[in-house]
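I opened the notebook for a session of looking things up, one small item at a time. Entries follow in the order I went through them.

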Amino acid sequence: GKQNRFARGCGFFGPSRQFAGVSSPSRFALALTQPGEPNHPIADVFMNQQPPPQSETSKAQDSKDPRVARREKLRQIEARGLDPFGVRFDDRTMIGRCHQLSSEIRWTREDGTDVPLPDFDDPDLDYRQWKADHGPGTETGPNVRVAGRIMLARGQGKLIFLTLRDWTGDIQIFIGKKQVGDDDIELAKLFDLGDLVGAEGRLGRTNTGELTVFAESLFFHAKMLEPPPDKHAGLTNPDLRQRMRYADLAFNDGVLQTFLDRTEIVRSIRRTLDNEGYCEVEGPTLHMIAGGAAARPFATHHNTLDMPLTMRIALELHLKRLMVGGMERVYELGRVYRNEGISPKHNPEFTMLECYQAYGDYNTMMDLTERLITDSIEAIGGGLIRQYDGKTIDFTPPFQRATYAALFQQHTG
């Protein structure tokens, strides 16, 4: 199921030219190519020009447009001497690592003794009362530097709470004027949902027990110029989800994990084949004759040689030539191209695995296939018994094996 979701989504990315955090790169590209356009005032920031004068009616309309407000905040951030494209951020602590470091948070009494913290998974825990019961003291924790996208924001004035997300998890950021100072609290007021920001401070717990970075310094990395999707519904339009995959990844729960799981599956496939003694090779993608499968190829042309060529439709033929040459176990995991139909489940370009082994037979390949599948499932976790489309599928080996003739007779009588 996860692989199908990936196949549906990975085929079509929007225009590649992006400003980090911008939801609509095609709109941004237009802003770059047409500086001075009233509808694209951010272009003037990049071109170091002043925007053209606007009528009072236009100004009133712009005051209600969140895009205009975001661009104005970006101008204010740049006016504070900060790079609008962000800065290098060394010694970063991944948010997933922060959750691991939570075990280092301590409650230290005034006499210097440490008290083990309570179980924060206990739904009945009142951390404020727990601290009062254990007498005066101070909470201590490791110093961390985190960065990510703002997913939630609340509070104003002297106290602001943010939820940051990187690709390892979420964490709350506590921003207090007393802790960060006047400059950074004003900077925090210029942050919007979707912005990429950083914070440095002590890792600890709020009175409600929420794992939190109590910020002492803030860092700006990128402004999201387009308003994010609805925080509850996310990006729901199927066409936009495929064409704006970056927005789908950033704001729809579970999508990023699907991509990460696919990466683990590919790694597992390579690891299993490598452990079995297979050699990974890279065959040519340009062929003089489309072979190895029955499919319509994409046609192209080599200008220097004045030669018609096709994009490969399969990996097979060059792998077999290596077998003839003496490479007894070979495989390729690569892209192939077929100029045929298209649907949410069928992409003109896709990833194919082919492997070949000398002195084996179809039983050898069935054994290998079983290991590839079970190793991949174990790589992403969750067990060999899984739910898909309302059904339970048991991948526990050994798999049932049957001939086509036996199955045909079983289902047709």
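Is Asp 389 buried or exposed? I looked, and Asp 389 is exposed, with a relative accessible area of 67%. I keep in mind that this is a predicted model.

**Backbone oddities**

I stayed with Asp 389 for its backbone. Phi of Asp 389 is positive, about 55°, although the residue is not a glycine. I placed Asp 389 in the loop between β15 (385-388) and β16.

Next I pulled up Asp 306, another residue other than glycine with a positive phi, here near 50°. I found Asp 306 in the loop between β11 (299-302) and β12 (307-311). Its relative accessible area is 58%, so I noted Asp 306 as exposed, the cut-off for that being over 50%.

Then the peptide bonds. I noted a cis bond joining Pro 397 and Pro 398, with omega about 0°. Pro 398 sits in the loop between β16 (391-394) and α14 (404-412). I'll be back in that loop for a salt bridge.

**Salt bridges**

How many salt bridges does the structure hold? I got 26.

I picked out Lys 73 and Asp 192, whose side chains meet in a salt bridge at 2.8 Å, N to O. Lys 73 lies in helix α5 (residues 66-79), and Asp 192 lies in the loop between α8 (177-188) and β7 (196-205), so this pair ties together parts that are 119 residues apart in sequence. I checked the cover on both partners. Lys 73 is partly exposed at 22% relative accessibility, while Asp 192 is buried with a relative accessible area of 14%.

Second pair on my list: Lys 177 and Asp 182 form a salt bridge, with 3.6 Å between the closest N and O atoms. I have Lys 177 down as partly exposed, its relative accessible area being 34%.

Third pair, and back to the loop of Pro 398. The side chains of Arg 401 and Glu 370 meet in a salt bridge at 3.8 Å, N to O. What does this pair tie together? Arg 401 lies in the loop between β16 and α14 and Glu 370 lies in helix α13 (residues 362-380), so the bridge links parts that are 31 residues apart in sequence. Arg 401 came out partly exposed at 38% relative accessibility, whereas Glu 370 is buried with a relative accessible area of 13%.

I also followed shared partners. Salt bridges join Arg 70, Lys 73, Asp 192, Asp 195 and Lys 223 into one network. So the Lys 73 and Asp 192 pair from above turns up again as part of that network.

**Surface charge**

Which residues gather in a patch of negative charge on the surface? I listed Asp 119, Asp 121, Asp 122 and Asp 124. I looked closer at Asp 122, which lies in the loop between β2 (114-115) and α7 (127-133). Asp 122 is partly exposed, with a relative accessible area of 35%. That value fits the patch rule, because members need over 30% relative accessible area.

**Cysteines**

I searched the whole structure for disulfides and got zero. I still looked up two cysteines for their cover. Cys 279 is partly exposed, with a relative accessible area of 37%. Cys 355 counts as buried at 16% relative accessibility, because the cut-off for buried is under 20%.

**Two C-alpha distances**

How far apart in space are Arg 106 and Leu 117? I got 6.5 Å, C-alpha to C-alpha, for two residues that are 11 apart in sequence. Arg 106 lies in strand β1 (residues 106-109), and I have this residue as partly exposed with a relative accessible area of 34%.

My last lookup was Gly 181, in helix α8. Gly 181 is partly exposed, with a relative accessible area of 23%. Its C-alpha is separated by 8.6 Å from the C-alpha of Ser 217, a residue 36 positions away along the chain.

Definitions and conventions: Residues are numbered from 1 along each chain as its sequence is written. This is a predicted model: local features need pLDDT of at least 70, side-chain atom pairs count only at pLDDT 80 or more; totals for chains, interfaces and linings use all residues. Side-chain values use heavy atoms; hydrogens and water are left out. Helices (H or I, at least four residues) and strands (E, at least two) are DSSP runs, numbered from the N terminus. Buried means under 20% relative accessible area, exposed over 50%, partly exposed in between (1.4 Å probe, protein chains only). Patches are made of residues with over 30% relative accessible area and no salt bridge: like charges are joined within 9 Å, nonpolar side chains (Val, Leu, Ile, Met, Phe, Trp, Tyr) within 5 Å. Accessible areas come from the Shrake-Rupley method with a 1.4 Å probe; for residues, only the protein chains shown count as cover. A salt bridge is a side-chain nitrogen of Lys or Arg within 4 Å of a carboxyl oxygen of Asp or Glu. Lys and Arg count as positive and Asp and Glu as negative; His and the chain ends are not counted. The place of a charge is taken as NZ of Lys, CZ of Arg, CG of Asp or CD of Glu. A disulfide is a pair of cysteine sulfur atoms within 2.5 Å.
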